[in-house]
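User: I've got a model open and want to know what backs up the labels people put on it. Can you walk me through the reasoning?

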Number of protein chains: 2
Amino acid sequence: MQDSAGTDTAAAIGPCAGIPADRMAFIRQVLDRVGDKWSMLIVAVLEDGPLRYTDLQRQIPGISQRMLTHTLRQLQEDGLITRSAYAEVPPRVEYALAPLSRGLKDIVMELIRWASEHHDDIRANRAQSGAASSSPS
Amino acid sequence: MQDSAGTDTAAAIGPCAGIPADRMAFIRQVLDRVGDKWSMLIVAVLEDGPLRYTDLQRQIPGISQRMLTHTLRQLQEDGLITRSAYAEVPPRVEYALAPLSRGLKDIVMELIRWASEHHDDIRANRAQSGAASSSPS
DNA sequence: CGGTATCCGCTAGGATACTG
DNA sequence: CAGTATCCTAGCGGATACCG
């Protein structure tokens, strides 16, 4: 707690849009890490339970090995997921959510639910905006 | 649209995540739109009330006109924010959250709060992982 | 004030091939 | 099975200059 004025960081955003510029920086960092395409999907998929590498690949259609590996490492380095490698043959590696991501998982699920519920509206709006050329001479 | 048959493994996400592989596609789209660096910040800042262009620039340190304008257009086209231009002099343009983003705003605020609360842990974990190369003699 | 347009570096991220 | 390494392109995103 660095703020002596008693202004809770999160609370400060509510009453006043004046988010201290300092906070903005790390919020951006976290958002950038956690908010990218694949991280959220991985967290969401892992929410159901531990999964192996290839299972993750199958669960997340369209992800490349490169991105899967990369994102997993990022999440692992941030302590959001754990990697358990079993030295057996064939080798098995399981990824699971770490305690740290308990709260995040919840938020991600909400976000996904929101996306599910409103993607129609969004698409509609998007189409409407794009359809501005519906007035030929 | 390459995958139409077979793997019911996607159904394995079902219980809690409940993400049919089909949904995954548009979820990715929404996540991609909403999950980029600036969109969330703009939504967060706008949560407090309508703001003008320059105000947004001030509230979000580090954003360029290009990105501000671009992101605002995206959000607007998705119907997440509204743009009100008043033809007066000097010209005034106000951006505000649209009804559609009511729920999103909430989630974003939660995410930011989570980021605020756990960025220390994340940084610690990140540093620890990076410190693996403390090659002692 | 509230943008638009252009140049440009950087890197996210896919495809492919190879390894332990 | 679980990655690593390399190549390569699209577009993100900053800086700058200019317009209504």
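Analyst: Sure. One cut-off to start with: a polar contact is a pair of N or O atoms within 3.5 Å. Keep in mind that this is a predicted model.

User: What makes the pair formed by B:V93 and DNA strand C a polar contact?

Analyst: A backbone N or O atom of B:V93 lies 3.2 Å from a phosphate oxygen of DNA strand C. The limit is 3.5 Å, so the pair counts as a polar contact. Two side chains of chain B also qualify on that strand: the one of B:R52 puts a polar atom 3.0 Å from a phosphate oxygen, and the one of B:T54 has an N or O atom at 2.8 Å from a phosphate oxygen.

User: Which side chains make polar contacts with the phosphates of DNA strand D?

Analyst: Among them are A:T54, with an N or O atom 2.6 Å from a phosphate oxygen, and A:Y95, also with 2.6 Å to a phosphate oxygen. From chain B, a polar side-chain atom of B:S64 sits 2.9 Å from a phosphate oxygen. Each value falls within 3.5 Å, so these are polar contacts too.

User: What does the protein surface around each strand consist of?

Analyst: For DNA strand D, 18 residues surround it, and A:T54, A:R73, A:R83, A:Y95 and B:R66 are the closest. They split into 6 nonpolar, 5 polar and 7 charged. For DNA strand C, the count is 17, with A:R66, B:T54, B:T69, B:R73 and B:R83 closest. Of the strand C atoms within 4 Å of the protein, 64% are in sugar and phosphate. The residues around strand C divide into 7 nonpolar, 4 polar and 6 charged. On strand D, sugar or phosphate makes up 68% of the atoms within 4 Å of the protein, with bases making up the rest.

User: Which elements supply at least two residues each to those surfaces?

Analyst: Near strand D, they are α4 (53–59), α5 (65–77) and β3 (92–97) of chain A, plus α2 (37–46) and α4 (65–77) of chain B. Near strand C, they are α5 of chain A, along with α3 (53–59), α4 and β3 (92–97) of chain B.

User: How do you know that a two-fold axis relates the chains?

Analyst: Chain B lands on chain A with an RMSD of 0.2 Å after a turn of 180° and a shift of 0.1 Å along the axis. That is how a two-fold axis relates copies. In chain B, B:G35 has the C-alpha nearest the axis, 2.3 Å away.

User: Why say that the copies meet through the same surface?

Analyst: Because 91% of the interface residues of chain B are interface residues in chain A as well.

User: What makes β1 and β2 of chain B edge strands?

Analyst: The sheet is open, with 3 strands in the order β1-β3-β2 and antiparallel pairing. β1 (51–52) and β2 (81–86) each pair on one side only, so they are the edges.

User: What makes β2(B) and β3(B) a pair?

Analyst: Pairing takes at least two bridges, and these strands have 6, in the antiparallel sense. One example is B:T82, whose bridge partner in β3(B) is B:A96.

User: Which helices lie across that sheet?

Analyst: Among them, α2(B) lies across β1, β2 and β3 of chain B, at about 95° to β3(B). Another is α4(B), which lies across β2 and β3 and runs at about 115° to β2(B).

Conventions
Residues are numbered from 1 along each chain as its sequence is written. Chains are lettered from A and ligands numbered from 1 in the order in which they are written. This is a predicted model: local features need pLDDT of at least 70, side-chain atom pairs count only at pLDDT 80 or more; totals for chains, interfaces and linings use all residues. Side-chain values use heavy atoms; hydrogens and water are left out. A residue is near a molecule or strand if one of its heavy atoms lies within 4 Å of it. A polar contact is a pair of N or O atoms within 3.5 Å; within protein, one must be able to donate a hydrogen and the other to accept it, and residues adjacent in sequence count only if both atoms are side-chain atoms. Helices (H or I, at least four residues) and strands (E, at least two) are DSSP runs, numbered from the N terminus. Ala, Val, Leu, Ile, Met, Phe, Trp, Tyr, Cys and Pro count as nonpolar, Asp, Glu, Lys and Arg as charged, and the others, Gly among them, as polar. Copies are superposed by least squares on the C-alpha atoms of residues with pLDDT of at least 70 in both. Contact means heavy atoms within 4.5 Å. Axes are lines fitted to C-alpha atoms, for helices over the stretch in contact, and angles run from 0 to 180 degrees between N-to-C directions.
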